[in-house]
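Me: Could you take a close look at one part for me, the protein surface around the DNA? I'd like the cut-offs spelled out as you go.

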There are 2 protein chains.
Amino acid sequence: MENTYCDKDQCLGCTLRRVHNSLPESAIIQFDANRIELEYKKGESICKQGSFASSIICIRSGIVKIYKEGSHISSTLSLKNAGGILGLQSLFGKGVYHYSAEALTDTEICLIDMATFKKLLKENPDFATEVIQYINEELIGMSDQLHSFSTKHIHGRLAELLLFLHQDIYHSNPFKLTLSKTDLSEILGTSKESISRLFKELKNDGIIKESNRSIHILDESRLKRISLTG
Amino acid sequence: MENTYCDKDQCLGCTLRRVHNSLPESAIIQFDANRIELEYKKGESICKQGSFASSIICIRSGIVKIYKEGSHISSTLSLKNAGGILGLQSLFGKGVYHYSAEALTDTEICLIDMATFKKLLKENPDFATEVIQYINEELIGMSDQLHSFSTKHIHGRLAELLLFLHQDIYHSNPFKLTLSKTDLSEILGTSKESISRLFKELKNDGIIKESNRSIHILDESRLKRISLTG
DNA sequence: TCATAGCAATGATGCAGATCATTTTATTGC
DNA sequence: GCAATAAAATGATCTGCATCATTGCTATGA
């Protein structure tokens, strides 16, 4: 029995289990008839700011950097992993991607045809509600980030970032950092040198330990305190 | 003939014309049965971060400041005027407001019961789609802001802000500034002193003119250039 | 009309963090 | 295993902006 389409239970990352659950069987068939699975190697570009947005992109596995390209500097807006969705902001308006995305590790994604996605939205209010919920979470995260930017020093923001990496991206404590110091600096809007110096400080203070690209948070409560007072 | 409920054509600001248009007559009746109109004086608090979010708040007229309160500093996330909607991020999750809002001018708003709003969403995919579109625009604006924060100096960000006030908030060129310099500094994440000094510079360079709280942009193209290179 | 208070202007000083330059350490390919 | 290249560390210097302190301005109200 051939099952070419997305498995509701296995495909946790790609279509988001909760999105899946909000669609009736008939819609899932439509959904699956209009999707493509793809793999990207570390460093490859997944979507390009300003280009025509033909698909909604769901991350099945891996870590992806979402960034904006300016005239000379780029800044990272967020990191996403399994379950993350790209391209929702391109559903309406000019229909171009509002940001670029790059695979920070080998990454599996699933492309869903934009028109199909839009059609499913129009026909399935539960699905639309789930999408609203997803976008809302993005917006909440982004307003927190904006608040950090305008009220905290990089001390605090780096502490926040480390906690975020630990809790939301790598889900483990000694975690293998798949981002370079330059990547970190682009997230925090600072320089790579400052990141280096701050890391040194955190190591000296016994708050973290670092050995060949692996970070171990030793004193999480102290790190939390820094992230608040920063 | 009594028409107590919201007039589709007149109530442009409150319920958003486009949202209105996406609902069938029966839903509008439900909508209107569950809404309240209110007025706030300049300076009054419209909603409080962390409090239970019982309503979606639509701005009918006036200018509203959306801000986050930190332990000691607050930062302004955005300014909204007629057509702006508050509280959408509280539809799900813990159901509390994620930010505070304050009237910067006398303001008319319309409260829609949260449960009713949610029910309408679930029953009207077109309405849900419009809401997605609205939230998406917020998200796009906020990512632009985040990008500015991490790549530009306050020179550029103030220029951006002045253009935004002119184009999106006051819709006129010599515009009466209803925000204090402190308000401006909280938007840009800087100090009021810096704002003062930057204004002086802009005046000296003949880019703007300022007289009793009214701002006149004299050289818009130069201001745009500053906003880009900032 | 004056008094009190909040807002704005402006100077002096300090510091966080950028930038530049150099060295050291990892990575990658052959 | 070595060269070539990229990433990281680290020091020296510079600057954008915050902070503090003072003075001037403009409102609102007895």
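**Around the DNA**

Reply: Chain A first, for context: its secondary structure comes to eight helices and 11 strands, where helices (H or I, at least four residues) and strands (E, at least two) are DSSP runs numbered from the N terminus. Keep in mind that this is a predicted model, so local features need pLDDT of at least 70 and side-chain atom pairs count only at pLDDT 80 or more, while totals for chains, interfaces and linings use all residues. As for labels, residues are numbered from 1 along each chain as its sequence is written, with chains lettered from A and ligands numbered from 1 in the order in which they are written.

Now the DNA. Strand C is surrounded by 17 residues, and the closest are His153(A), Thr190(A), Ser194(A), Lys181(B) and Ser196(B); a residue is near a strand if its C-beta atom, placed from the backbone, lies within 6 Å of it. Two or more residues each come from α5 (154-170) and α7 (192-204) of chain A, and likewise from α6 (181-188) and α7 (192-204) of chain B. The largest share here is the five residues of α7(B). Sorted by class, you get two nonpolar, nine polar and six charged residues near DNA strand C. For that sorting, Ala, Val, Leu, Ile, Met, Phe, Trp, Tyr, Cys and Pro are nonpolar, Asp, Glu, Lys and Arg are charged, and the others, Gly among them, are polar.

Over at DNA strand D, 16 residues do the surrounding, with Ser180(A), Lys181(A), His153(B), Thr190(B) and Ser194(B) the closest. At least two residues apiece are supplied by α6 (181-188) and α7 of chain A and by α5 (154-170) and α7 of chain B. This time α7(A) gives the most, with five residues. The class split near DNA strand D is two nonpolar, nine polar and five charged.

Both chains turn up at each strand, so to speak, and they also touch one another: the contact takes 38 residues from chain A and 38 residues from chain B, counting two residues as in contact if their C-beta atoms, placed from the backbone, lie within 7 Å. On the chain A side, β5 (74-80), α3 (114-123) and α4 (125-151) each supply at least two residues. The largest share, 20 residues, comes from α4(A). That side divides into 18 nonpolar, 15 polar and five charged residues.
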